[in-house]
Amino acid sequence: MTRSSRIEGFYKLGMSERLRIVKEFGDLTDDEAMALAGFGGLDPSVPDKMIENAVGSFPLPLGIAVNFLVNDRDFLIPMAIEEPSVVAAASNAARMARERGGFWTSSTAPVMIGQVQLTGIKDPSRAKHMILERKHEILELANKQDPMLIKLGGGARDLEVRVIHTQKGPNVVVHLLVDVRDAMGANAVNTMAEAVAPLVESMAGGKVRLRILSNLATHRLARARAVWAKDAVGGEEVVDGVIEAYMFAEADPFRCATHNKGIMNGVDAVILATGNDTRAIEAGAPAYAARSGAYKPLTTFEKTPEGDLVGTIELPMAVGLVGGATKVHPVAKACIKLLGVKTAQELGEIVAAVGLAQNFAALRALATEGIQKGHMTLHARNIVASVGCPPELVDEVCRIIVAERKIRMDRAQEVVEELKRKKK
Ligand code: MEV
């Protein structure tokens, strides 16, 4: 079956019709589709397996971003998020990118960093070299901890040793670089870091303190790139507006925080929908954005020689497809199946593409009509629905109360009654 994610008017359909389309696209079973629909919520046994002291679960809306073409393949993107406009904005940005082929992605191998901290070392440079000279022993010991990971083609690959200066004197910090394949990697890396710590201590002297993964996953990056045709985005003025918006973020940390927040709207929504660790991603992204010592945007925007807009993104991407919630949470499992990704790297690249799309959509709106118009339309739909408006009148009532800038329940009710009278 050739499947396109370009679905015109998806937003106008009812929830059950949308679900039917998604089920067919993702070749989902009835149970998987039911899980996406959230009917009945999580089985009580699931939260109790996931965390301690569970008393229930906390449902969030799950939306599907349409129109995504990534590396020549169509994707429907599951997004779990409470904020209106995010799913619509991602879908719009993806639609506009299709004209120039959608998104193109790349990533590094899934290598995480495990840190071992050594304190109380008088001669840190000597200690550093002594550890590096015996790197193979350390890697060998690390790799004995996880035979399954080795079988899957992962394992500890290399070692870096840094000397840092703290208020209590120098620390020697060992970075164990571990290819964690399709895991998020925290368990594998922490186990290895703890296992090699006594050996490292015996080599270098001093005292081992922390042994833990770093969320600044600089060896595990996901990237995406897209070109938006000048005419598809509204002309040269819009292209220039987006570039100037990006330059603003480049030059000003106050703006940059909001710029990057817009990216994370998309990133977190997919991370959450796929049962991944939003906090790990949220910790890594701003640290990576500040890696030069100044806080910068995670995206770039430039003009091509043809006058089109090209956007790129690069960010750390500690995501997994095995372990954690990804394998026990029925909604996350169905979302991963819908995405059709087979490796964590592939998932990370899709997430990067969504982050870029989200950022482009926000900058385009901000550089043109502002974001409130879109927000208000959605807000109006909520208000209109809450006054019990017949479905065939919803669009018209929304249009009227938005145009009047009276997005209130009393006015919505009045307009519904007026239209009902007129249509009699
Ligand atoms: C709102 O959730 C996100 C934006 O503020 C992002 C941005 O300003 O770029 C619209």
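## Asn 92 and its surroundings

In this predicted model, Asn 92 is partly exposed, because its relative accessible area of 35% falls between the 20% limit for buried residues and the 50% limit for exposed ones. Asn 92 belongs to helix H4, which runs over residues 86-97.

Two relationships help to place this residue further. The side chain of Asn 92 is joined to the side chain of Arg 95 by a polar contact of 3.0 Å. Asn 92 can also be set beside Ala 65, since the two residues are separated by 27 residues in sequence, while their C-alpha atoms are 8.7 Å apart in space.

## The nonpolar cores

The largest nonpolar core holds 59 residues, and the members that touch the most other members are Phe 68, Ile 77, Met 79, Phe 103, Trp 228 and Phe 301. The element that gives the most to this core is helix H15, residues 344-367, with a contribution of eleven residues.

Phe 301 can be followed in greater detail. When its neighbours within four places in sequence are left aside, Phe 301 is in contact with Trp 228, Val 242, Ile 243, Tyr 246, Leu 309, Val 310 and Gly 311, and also with Leu 356, Asn 359, Phe 360 and Leu 363. Apart from this core there is a second, separate one of 33 residues, and its members include Met 112, Val 116, Ala 127 and Val 200.

## The shell around the ligand

The ligand is surrounded by Glu 83, Arg 255, Thr 258, His 259, Lys 261, Gly 262, Asn 265, Ala 362, Leu 366 and Ile 371. By kind, this shell is made up of three nonpolar, four polar and three charged residues. Helix H11 gives the most residues to the shell, namely six.

## Polar atoms beside the ligand

Several side chains of the shell place polar atoms beside oxygen atoms of the ligand. For Arg 255, a polar side-chain atom lies 2.7 Å from a ligand oxygen atom, and for Lys 261 the distance between a side-chain N or O atom and an oxygen atom of the ligand is likewise given as 2.7 Å. In the case of Asn 265, an N or O atom of the side chain is 2.9 Å from an oxygen atom of the ligand.

Taken alone, the ligand would expose 300 Å², and the protein buries 85% of that area. The elements that supply two or more residues to the shell around the ligand are helix H11, residues 253-273, and helix H15. Helix H15 thus appears in two parts of this report, as it is also the element that gives the most to the largest nonpolar core.

How values were computed:
Residues are numbered from 1 along each chain as its sequence is written. This is a predicted model: local features need pLDDT of at least 70, side-chain atom pairs count only at pLDDT 80 or more; totals for chains, interfaces and linings use all residues. Side-chain values use heavy atoms; hydrogens and water are left out. Helices (H or I, at least four residues) and strands (E, at least two) are DSSP runs, numbered from the N terminus. Buried means under 20% relative accessible area, exposed over 50%, partly exposed in between (1.4 Å probe, protein chains only). A polar contact is a pair of N or O atoms within 3.5 Å; within protein, one must be able to donate a hydrogen and the other to accept it, and residues adjacent in sequence count only if both atoms are side-chain atoms. A nonpolar core is a set of buried Ala, Val, Leu, Ile, Met, Phe, Trp, Tyr and Cys residues joined through side-chain atoms within 4.5 Å. Contact means heavy atoms within 4.5 Å. A residue is near a molecule or strand if one of its heavy atoms lies within 4 Å of it. Accessible areas come from the Shrake-Rupley method with a 1.4 Å probe; for residues, only the protein chains shown count as cover. Ala, Val, Leu, Ile, Met, Phe, Trp, Tyr, Cys and Pro count as nonpolar, Asp, Glu, Lys and Arg as charged, and the others, Gly among them, as polar.
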